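Morning, everyone. I have one structure to walk through today. Please take a look at it first.

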Amino acid sequence: MRLIFKRLGFADFERAKSVCSSWQTGSGQSKPNNKIPWMIIFPEEKNYCLLFNPEDTEGKLYKTQHLGDDFAKSSCLATCRSWLLMEYCHENPLYILNLLTRERINLLPTTSDQRLDSPILWIDDKTKEYLVIGETLVYFKKGDKSWKQIPEQLSGIRDMVFKDCKLYCLTNDELQIFDFSGEFPLQVSKVSVGGGCVKLAKIGGRMRLPRIPWHVQAVRRRKNVVVTVRGDVLIVKSESPFMSETWNFKIFKMDSSKGLEEIVSLGDEAIILDLGITVLAKDQEGVTSNSIYFTGDQINLDDTEIFVFNLDTKKVEKLPQLVSSSLSFSTVRWFLPSFMNV
């Protein structure tokens, strides 16, 4: 039975649990084979979420249960597997919520100088140990009585990723890595990441541009840090004119001896830019290898739709059409589903 369960994906695992009591018991010794992230769709002013499985060829949406009276007035700041970091009414009450079990952990509020723009959330499903890290390098762990500050000063943080107890913190000029495995975070590495420009590619042959000359258009540039399945560190540079559906990307791999080395292919992997990770896409339904998946607000702040950039064709497409065309939603996020002890 365990051999069967270990081969099942997120949705099939839950279906198998409901077959009979012995299968329900047997599932407790296994966990689903979660290789492909799902999407969380946040309908406007609703107390539930809709979940989309990219592997589902029928394009079904799964509705969560009621997630609390204040959920409709809360915004999602980050995800970690099935856990969400939520902020209520932009008034600072913060809490961590499991969208499948409704388990909730309330956090202490931050002060005005402790910004949580694009924060990091990490939580252990079994022990419920958790860590929240803000853009100003403030952090809060289970058991803390107040928010703490990482002593190193970093200005202009562009992106952060947390994996295997390490925080990868990217600025315009450098990547700093902090180790959170001990009682206090320690800086373990600092690497220069300057330079580089990109060319632009169109989506669907169309561009939405303001009626001003090309040479004076404002261009939005972004840098993101990504940690691959194998533990390699990538710097993803992107460019987009404001009010356009035009993007392009260049990817650089961190090399201890060569510094930044541009790569043109991800092989069998795909980048989930919002999560700062890659996933193995070979033989997996719903995810295209050698591609970059991202939400529009990663590039243009007012765009909440999800796109995929194919590195082979240099084309961008919206994903999925179901989400893009038929729903009224406030935002969409990726998450790696976890059904531990549900």
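I'll start with the whole chain, then turn to one sheet, then to one residue.

Keep in mind that this is a predicted model. The chain has 342 residues, and 49% of them count as buried. DSSP gives four helices and 26 strands. The accessible surface is about 17,200 Å². Carbon and sulfur atoms account for 48% of that surface.

How do contacts spread along the sequence? Take contacts between residues at least 6 apart in sequence. Of those, 46% join residues at least 24 apart.

Now the sheet. Four strands form an open sheet, in the order E8-E9-E10-E11. The pairing is antiparallel. Which strands sit at the edges? They are E8, residues 120–123, and E11, residues 148–149. Each of these pairs on one side only. Look at E10, residues 138–141. Two bridges join E10 to E11. Within this pair, Val-138 stands opposite Gln-149 in E11.

Last stop: Leu-336. You'll find Leu-336 in the segment after strand E26, which covers 329–335. Is Leu-336 buried or exposed? Its relative accessible area is 24%. Buried means under 20%, and exposed means over 50%. So Leu-336 counts as partly exposed.

What does Leu-336 touch, leaving out residues up to four places away in sequence? The list is Ile-36, Pro-37, Arg-81, Ser-82 and Ile-277. Cys-80 is worth finding as well. Leu-336 and Cys-80 are 256 residues apart along the chain. Their C-alpha atoms are separated by 7.2 Å.

That's my tour. Thanks for listening.

Conventions
Residues are numbered from 1 along each chain as its sequence is written. This is a predicted model: local features need pLDDT of at least 70, side-chain atom pairs count only at pLDDT 80 or more; totals for chains, interfaces and linings use all residues. Side-chain values use heavy atoms; hydrogens and water are left out. Buried means under 20% relative accessible area, exposed over 50%, partly exposed in between (1.4 Å probe, protein chains only). Contact means heavy atoms within 4.5 Å. Accessible areas come from the Shrake-Rupley method with a 1.4 Å probe; for residues, only the protein chains shown count as cover. Two strands pair if DSSP finds at least two bridges between them.
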